[in-house]
Amino acid sequence: MTEAVAGEATETAVEQFVIELLDRAVAGMGGQSRAGQHEMARQVARAIETGDHLLVQAGTGTGKSLAYLIPLIAHALQSNKPALVSTATLALQTQIVGRDLPRLLKAITPALDRPVKVALVKGRSNYVCRHKLEGGFPSEEPAEGQLFSLGEDTSVPHFAAAVGGPSSQLGKEVVRLREWAEKTHTGDRDELLPGVTDRAWRQVSVTSMECLGAQKCPMAAECFSELARQDAAEADVVVTNHAMLAVSAFEGLAVLPEYDVVVVDEAHELQDRVTGAVSGQLSVAMVHAAAAGARKHTAITVDALNAAAANLELALAGVPNGLLPNGLNDEQLDCVDQLRDACRAALSDSKGDSSTTADGGRQLARSRLLLILELCERLLAARENREVVWFSRASSFDPAQGFSQPDETAPALINIAPLSVAGRLREGLFAGHTVVLTSATLAIGSAFEPAAGGLGLVGDGAPSWTGVDVGSPFDYQKQGILYVAGHLPKPGRGGSPEALDELEALIRASGGGALCLFSSRRAAEEAAEALRPKLGMTVLCQGDSTMTGLVKQFADEPDTCLFGTMSLWQGVDVPGGSCRLVVIDRIPFPRPDDPLMTARSRAVAQAGGNGFMTVSATHAAIRLAQGAGRLIRSTGDRGVVAVLDSRLATERYAGFLRAALPPFWATTDRTTAIAALERLARENA
């Protein structure tokens, strides 16, 4: 690893061209040139030229999208392969394709040799399936779709047969979807405004598991998903997301076109998103649902499947939730082995005539069996392949408590996930591609190694890379205060009266305009319920409305407060006086009972490292920086970040965590923080 220094190398012709395009773009879009943006553009162009991997931290307000898009475009115009942009969220994916790239290309196209073609690639379930619209997939019993817990299962009854016709709300939504499907050119759900419920969308879409495939689907030539992939193969710049990147890197599936350069935006999310994309879950209910589907759509005997499910149910009876350090026990492994054999036999018996066009029912039934077979094989080889196994249970809503919690009476679910995705990312992503990873929170202090380690860029055989921090245009010392309430008691399992009193005092001093970030939904809801009658101001809470609606109201009403959890820690961009106070209730360490984090910490410790600092503290530092980053979103913003967790002032690891935060002026003096908020309240009155 090397650390890049601004101006350390002579500017190449490509870098000069990139900077000229950047200046043209900024002027054409009515912005101002920034030194950090220039430096980032140079570093990205240099990495693409040399083929070296690059980690670049670009603070909020840098304009990093332009800084990486322009070098990508310049490269793509000279390459016979498209350049790739991967984001963590569909929201940023849509922003880049719908806003950033159109404005950029309008400004720079006159200076290019030819127009630039852009394509967007998402997972199949984001597109309307024409074959399903035409009745190509069978009606299922409602209970079966509920039992088959696959996370993205779309087996639902046809609306006319099972929803009671278009007189119901769901029926009306599906009628509107069918009408829209006749007009849309993309079939992309994000283009449907207003949107529809997930339940309605599932009736017109399929997952990759259910798709018949281009070779067998009778409507493949008109398939929106296939057309999107064809566009991507002919594009200069392809925008996708981390889940698709994970499938391409881990499974080797051709879900993305061949590319030579990829920019990973929101790179601090890559490890978690990739892990989530390749994790699996097996339940007895899944086996019964798969058996029922196989019997119905392939007419095979499923006695062996049901017997295996019954034996597995007995082996899982009464098992506690949590990590299995040594994997499944012998009895459970025997049951999984029996289930694997039953799935193999069922798949063999249900092949059918491969010369005929596949039907949706058979495809769905076989896909379910194949998924269960793959999960069985992973579970049987978990220890050998260093995968983590744990038991969990579905959550249910507790009306008395007002939040969801694990239902201890529910059947156990078997979960499996990679202990580390580093090796697979090294082989599937970093080998053969030039990778640029960027985020506003990628380094802790000046160190990129904590983030790089989880991605496969540290250790024996790791590829070389360069890390650079291009800074931020904001003067954090003058624009923001970091107040740590060091006098409060150390946080316990629930919220403390002292922390609630502190929160009330801070919000009163600021006169509202507070974004309050909590470690749990329960904590956010309890705080909102307690403070609403006391404050006499509007307090919005996550769950009261859609996230988009809540954030819009918070931005439009300067004295309104917004309470919420992790989705607000990263997704809120509210410049101006409407967000002058950000409160963080506690350091966002992983839950102590998180099986995957626990397993990773133990693995680091067994290798002689510090598991807490490598896993938990690094996780917390990045998310703490993301939360604190909600405060200063423009050069005119001013405010206070208040952390109600005294450990950020008292514990040995506090300095490590603070090193990840923007360089605010820091204090533990309550009077100073209250006075600063009162001044801001007067200015915003």
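Reader: Where does Asn610 lie?

Author: In this predicted model, Asn610 lies in the loop that runs between helix H24 and helix H25, the latter covering residues 611-628.

Reader: What makes Asn610 partly exposed?

Author: The relative accessible area of Asn610 is 42%, and since buried means under 20% and exposed means over 50%, a value in between makes Asn610 partly exposed.

Reader: Which backbone atom does the side chain of Asn610 reach, and what makes this a polar contact?

Author: The side chain of Asn610 reaches the backbone nitrogen of Phe612 at 3.1 Å, and because the limit for a polar contact is 3.5 Å, the distance of 3.1 Å falls within that limit.

Reader: How many aromatic pairs are there in the whole structure?

Author: A search of the whole structure gives 7 aromatic pairs, and one of them is formed by Tyr476 and Phe664, whose ring centres are 5.4 Å apart with 90° between the planes.

Reader: Why is the pair of Tyr476 and Phe664 called edge-to-face?

Author: Ring centres must lie within 6.5 Å to pair, and planes over 60 degrees apart count as edge-to-face; the pair of Tyr476 and Phe664, at 5.4 Å and 90°, meets both conditions and is therefore called edge-to-face.

Reader: Why does this pair tie together parts that are apart in sequence?

Author: Tyr476 belongs to helix H19 (residues 476-479), while Phe664 sits in the loop between helix H27 (654-658) and strand S21 (665-667), so the pair ties together parts that are 188 residues apart in sequence. Both Tyr476 and Phe664 are buried, and ring pairs also link Phe474, Tyr476 and Phe664 into a cluster.

Reader: How do you know that Phe589 and Tyr653 form an edge-to-face pair?

Author: Their centres are 5.5 Å apart and their planes are at 85°, and because the limits are 6.5 Å for the centres and over 60 degrees for the planes, Phe589 and Tyr653 form an edge-to-face pair. This pair links distant parts of the chain, 64 residues apart, with Phe589 in the loop between strand S19 (581-584) and helix H24 (595-606), and Tyr653 in the loop between helix H26 (647-650) and H27.

Reader: Why does Tyr653 count as buried?

Author: Tyr653 has 14% relative accessibility, and since buried means under 20%, Tyr653 counts as buried.

Reader: What makes helices H14 and H15 roughly antiparallel?

Author: Helix H14 (residues 303-316) and helix H15 (residues 330-349) pack at an angle of about 165°, with their axes 9 Å apart. Because angles over 145 degrees count as roughly antiparallel, that angle makes H14 roughly antiparallel to H15. H14 passes H15 in a left-handed crossing.

Reader: What makes S7 and S8 the edge strands of their sheet?

Author: The open sheet has 4 strands in the order S7-S12-S9-S8, with antiparallel pairing, and strand S7 (280-282) and strand S8 (322-323) are its edge strands, as each pairs on one side only.

Reader: How do you know that S7 and S12 pair?

Author: Two strands pair if there are at least two bridges between them, and because 3 bridges join S7 to strand S12 (residues 413-418), that condition is met.

Reader: Is Arg386 buried or exposed?

Author: Arg386 has a relative accessible area of 55%, and because exposed means over 50%, Arg386 is exposed. Arg386 is found in the loop between helix H16 (360-380) and strand S9 (387-392), and has a positive phi of about 55° although it is not a glycine.

Note on methods. Residues numbered from 1 in each chain as written. Predicted model: local features only at pLDDT ≥ 70, side-chain atom pairs only at ≥ 80, totals over all residues. Heavy atoms only, no water. Phe/Tyr/Trp six-rings, centres within 6.5 Å; stacked < 30°, edge-to-face > 60°. Helix = DSSP H or I, 4+ residues; strand = E, 2+ residues; numbered from the N terminus. Buried < 20%, exposed > 50% of the residue type's maximum accessible area, 1.4 Å probe, protein only. Polar contact = N/O pair within 3.5 Å; in protein donor to acceptor, adjacent residues only side chain to side chain. Axes fitted to C-alpha atoms, helices over the stretch in contact; angles between N-to-C directions. Parallel < 35°, antiparallel > 145°, perpendicular 65-115°, else oblique. Left-handed = near helix turned anticlockwise from the far one by under 90°.
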